[in-house]
Amino acid sequence: MTDSNNNILEKLDGLEARYEEVGTLITDPSVIADQQRYVKLTKEYKDLGDIMNARKRYVECLNAIAEAKDILANESDPDMKEMAREELSANEALQPQLEEEIKIALVPKDPEDAKNVQMEIRAGTGGDEAALFAGDLFSMYKKFCDSKGWNLSVTSVSEGAVGGYKEIDFAVSGDNVYGVLKYESGVHRVQRVPATETQGRMHTSAATVAVLPEADKFEVNINEGDIKWDTFRSSGAGGQNVNKVESGVRLRYPWKNPNTGEVEEILIECTETRDQPKNKERALSRLYTYIYDHEHQKYLDDISSRRKSLVSTGDRSAKIRTYNFPQGRVTDHRIGYTTHDLQGFLGGNIQDMIDHLTVAENAEKLKENEL
């Protein structure tokens, strides 16, 4: 058995004891009573269970290779030797696949990956054309979320003068949402002849996308008694309900900024639905997320200063992708990956790009962990 095999098995043997320990803990009544700890441990148990299954398949594969080699060395029956050759060939092809699967499973998972997200799209340089592009990006994410069976709900909108959005905020909930969408944070650039251009000249515009993991309530301490609520009448397109019912809500909350130490007033408005309680609930969710994002910024800065990954740093000022209409291509600058299906991409077919980004990040993590 090679050093590489030993190295992988040693890592897995170390996890086996932890798997058994967690299996015992999640049956302990005192652990079950602590809901937060119980949820965390059951997730760890499932993740470790997947690794243990991979370990079992890997050991079976190594044993099958050793057995086949033994038959080829010591058996004289030609039929037995032919069977052993086939067995050896199949398992030698399987071995590197299983090793790769195990290495990826051993990469420490980002605990944020399983969370829902709050997303923001802001039109950047380019005036009306940037707002139209922000609208295109929102449509792209909406179609992608629909294809994944995720729920997308808009929390606030400022429309552009000729269409699209100056800015739009929305929440996405579903399975492993942040783990998939985190790669979208940054500046998205578009190169095309705008509908607003009479001379047929190509313009370059930009929009900024931010993807924030939704805060769990237990992670952020908010004294809800300190929140001041106002209601107001919604304005804008909306038919007869508008200006008659006070469904819009506004919250004000005094918050001590961890970076400056000063108390600031956070102001959040929500006019998304005609149902005031729902608007209150959504405004409160945005307050938790806002504070979570700011209070964790120092923690994130600390991680990114030590972290070499360029793929999902979440740097909102970094130009990450160009959408070039004349050439019908989309290029991601972090990994140098290009697709020539621009229309399909804007139609929500972004999974292939995300898969390439995930592979690139996992490769960097493997290097860091020296697996």
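Mentor: Before we start, helices (H or I, at least four residues) and strands (E, at least two) here are DSSP runs, numbered from the N terminus. By that rule Glu60 lies in helix α3. This is a predicted model, where local features need pLDDT of at least 70, side-chain atom pairs count only at pLDDT 80 or more, and totals for chains, interfaces and linings use all residues. Residues are numbered from 1 along each chain as its sequence is written, and side-chain values use heavy atoms, with hydrogens and water left out.

Trainee: How many helices and strands are there in the protein?

Mentor: You'll find 10 helices and 11 strands.

Trainee: And what makes Glu60 partly exposed?

Mentor: Buried means under 20% relative accessible area, exposed over 50%, and partly exposed is in between (1.4 Å probe, protein chains only). Glu60 has 46%, so it goes in the partly exposed class. Its C-alpha is separated by 9.3 Å from that of Asn91, 31 residues apart along the chain.

Trainee: Why is α3 called roughly antiparallel to α4?

Mentor: Look at the axes, which are lines fitted to C-alpha atoms, for helices over the stretch in contact, with angles running from 0 to 180 degrees between N-to-C directions. The axes of α3 (residues 35–74) and α4 (residues 78–106) come within 8 Å and cross at roughly 150°. That makes the pair roughly antiparallel, because the label is given to angles over 145 degrees (under 35 is roughly parallel, 65 to 115 roughly perpendicular, the rest oblique).

Trainee: Which residues make up the contact of α3 with α4, by class?

Mentor: They divide into 18 nonpolar, two polar and eight charged. For the classes, Ala, Val, Leu, Ile, Met, Phe, Trp, Tyr, Cys and Pro count as nonpolar, Asp, Glu, Lys and Arg as charged, and the others, Gly among them, as polar.

Trainee: Why does Leu15 count as partly exposed?

Mentor: Leu15 comes in at 23%, so it counts as partly exposed. Leu15 lies in helix α1 (residues 3–25). Leaving aside neighbours within four places in sequence, Leu15 is in contact (heavy atoms within 4.5 Å) with Leu48, Ile51, Met52 and Leu106. Leu15 and Met52 are 37 residues apart in sequence, yet 8.3 Å apart in space, C-alpha to C-alpha.

Trainee: How do you know that Val180 counts as buried?

Mentor: Its relative accessibility is 11%, so Val180 counts as buried. Val180 sits in helix α6 and touches Phe144, Trp150 and Ile354, not counting residues up to four places away in sequence. Gln351 is 171 residues from Val180 in sequence, but their C-alpha atoms are 8.7 Å apart.

Trainee: What makes Ile227 count as buried?

Mentor: Ile227 has 9% relative accessibility, so the buried label applies. Ile227 lies in the loop between β5 (203–213) and β6 (228–232). Its contacts, not counting residues up to four places away, include Leu251, Tyr253 and Leu284.

Trainee: What is the phi of Asn176?

Mentor: Positive, about 60°, although Asn176 is not a glycine. Most residues other than glycine have a negative phi. Asn176 is in the loop between β3 (165–173) and α6 (177–181). With a relative accessible area of 33%, this Asn176 is partly exposed.

Trainee: How many of the residues in the whole protein are buried?

Mentor: Buried residues make up 39% of the 371. Among contacts with a separation of 6 or more, 62% come from residues 24 or more positions apart.
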